[in-house]
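Reader: Please examine one part of this model closely and then set it in its surroundings. I would ask that the cut-offs behind each term be given once.

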Amino acid sequence: MTSEPRAMTRDDRKVLAGTLAGTTIEWYDFFIYAQAAGLVFGPLFLAPVNEQAPGLATLISLATIGISFLFRPLGAIIAGRYGDRLGRKRMLVLTLLLMGAATTLIGLLPTYGSIGVAAPVALILLRILQGFSAGGEWGGAALLSVEHAPRERRGWWGAFPQIGVPIGLILATGVLWIMSAVTTPEQFQAWGWRVPFLLSLTLIVIGYLVRRAVEESPVFEELQRRTKTSSAPLRDLFRHNSKNVMLTALIFVANNAAGYLLIAYFISYGTTTLGLSRRSVLLATVAGSVGWLVFTLYGGVLSDRVGRVRTFQIGYALVFVWMIPLFLLMETRNIWLFTAAIVVLTIGLGLSYGPMSAMYAEMFPVSVRYSGVAIGYALGAILGGAFAPTIAQALVQSTGSALSVGAYIMVLCVISLAAVTAVKEPKGADLGLTRQPIA
């Protein structure tokens, strides 16, 4: 017989609120950049290129999104090393502050017209700092949530840091929509785009206060009491768990690539290629974000019932079969069909994202868990979403059809589906110290 799940306590709610608030703010910051890259960074920070070839400027601007992903593994390695030695909570507070500082500075950055080539250089450096912070954020938030969770509800609890992504996207898109609505195109280009970046400062203060109130993971505290943490978690990770690091990276590839089409590419594609209004496309993105939130939560719940692997398999199958219909609907240039296409995509997107925190945590022993989940996630982001908007833009420009983008995502779905199928179902694995020798 299975025991009844314990009732959620006040401390439990603080944990979920802390992981959700922090990841929401982190991803708001990250996505504001991604969306602004498709809307304004080309003409403002790449002015000479934009005058000669606006399409190329958009392509380069979207490519700066991917540059930050290259530094995610460095953030994951450093945050993972100290998160496995000093605790999940400390690293989460630090990554939140780093992301907020970088985002606020982008909002204050002079453009090419003011300081010349120093403008795009500074923009890229601040984007790199965002990538470094994001690399360390997700692993700590996922573990803080899952390691506090009752065994039978890990998927549900682990979905809370996951929904920080669609909520952050809703906030980012919503603020951009408001600024587009209250400013003229000229005002938005001149100063309106800066407001969402500067708002980050207020959000960071809120997130810092919420996150500081969260207790350290009980699993990590048990490790601290019973053993000295490894002085070289990265070496130990790759010596004993390199296969799982690679599997976690490949499992994430298709989800992250498809997710970044929603986060960054569809806005640019809808406005510049299809000629739809910016405000309408932004609202379509908000609708898609709400769907992503709902189905991510459901994916976590479903994984507690049928298993992590099966939930991922269902999600990736749905993304695969929807790719061609998605772009056929978008190419009608009807905003309602455009919106419907995005919302249906989020069903598979959520089911292949909701179970991730719980599944990844269950795949690694506690002494290297932060390093393992953070590095696997960061590598998957490089292979998946880092250059997905750029690749999508290049495919459309070279083939003249967005169906080529659908085929690209379908190939990644096959890769991720094969990787998750290779995992032995980890649901219910012991997250404590029984899976490793005690020093």
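**Salt bridges and their surroundings**

Author: Aspartate 304 and arginine 308 are both buried, where buried means under 20% relative accessible area, exposed means over 50%, and partly exposed lies in between (1.4 Å probe, protein chains only). The model is predicted, so local features need pLDDT of at least 70 and side-chain atom pairs count only at pLDDT 80 or more, while totals for chains, interfaces and linings use all residues. Residues are numbered from 1 along each chain as its sequence is written, and side-chain values use heavy atoms, with hydrogens and water left out.

The side chains of aspartate 304 and arginine 308 meet in a salt bridge, at 2.9 Å from N to O; the term requires a side-chain nitrogen of Lys or Arg within 4 Å of a carboxyl oxygen of Asp or Glu. Arginine 308 also forms a salt bridge with glutamate 362, and the closest N and O atoms of that pair are 2.9 Å apart. Because glutamate 362 lies in helix H18 and arginine 308 in helix H16, the pair ties together parts that are 54 residues apart in sequence. Helices here are DSSP runs (H or I, at least four residues; strands are E, at least two), numbered from the N terminus.

Glutamate 362 has a further partner, since its side chain meets that of arginine 154 in a salt bridge of 3.0 Å, N to O. This pair joins parts 208 residues apart in sequence, because glutamate 362 belongs to helix H18 (residues 356–362) and arginine 154 to helix H9 (residues 154–182). Arginine 154 and glutamate 362 are both buried. Glutamate 362 counts as buried because its relative accessibility is 2%, and arginine 308 because its value is 0%. Taken together, Arg154, Asp304, Arg308 and Glu362 are linked in a network of salt bridges. The search of the whole structure finds four salt bridges.

Helix H16 also has a part in a feature at the surface. Ile314, Leu318, Phe320, Val321 and Val414 form a nonpolar patch there, with about 390 Å² of accessible area together. Such areas come from the Shrake-Rupley method with a 1.4 Å probe, and for residues only the protein chains shown count as cover. Patches are made of residues with over 30% relative accessible area and no salt bridge, like charges being joined within 9 Å and nonpolar side chains (Val, Leu, Ile, Met, Phe, Trp, Tyr) within 5 Å. Helix H16 (residues 308–330) supplies the largest share of the patch, four residues. Isoleucine 314 lies in this helix and is partly exposed, because its relative accessible area is 34%.

Beyond helix H16, arginine 333 lies in the loop that leads to helix H17 (335–351). Its phi is near 65 degrees, a positive value in a residue other than glycine. With 47% relative accessibility, arginine 333 counts as partly exposed.

Helix H14 (residues 233–273) holds alanine 258, which is buried at 0% relative accessibility. Apart from neighbours within four places in sequence, alanine 258 is in contact with Val319, Leu349 and Ile409, contact being heavy atoms within 4.5 Å. The C-alpha atoms of alanine 258 and proline 389 are 9.4 Å apart, although the two residues are separated by 131 residues in sequence.

Helix H14 also lines an internal space. There is one cavity of 30 Å³ or more, and the largest cavity has a volume of about 80 Å³. Among its 13 lining residues, Val165, Asn256, Tyr260, Tyr353 and Tyr377 are the closest to its centre. Helix H1 (10–39) and H14 are the elements that give two or more residues to this lining, and H14 gives the most, with six residues. On a 1 Å grid over the protein atoms alone, a cavity is a set of points where a 1.4 Å probe fits but cannot get out, whereas a pocket is an open set with protein on both sides within 12 Å along at least five of seven lines; lining residues have an atom within 4 Å of a point. Points are joined across faces, edges and corners, and a volume is the space filled by probe spheres set on them.

The second largest pocket has a volume of about 190 Å³. Of the 17 residues lining this pocket, Gly38, Leu39, Pro43, Thr58 and Thr272 are the closest to its centre. H1, helix H2 (41–45), helix H4 (54–69) and H14 each give two or more residues to the lining, and H4 provides the largest share, four residues.
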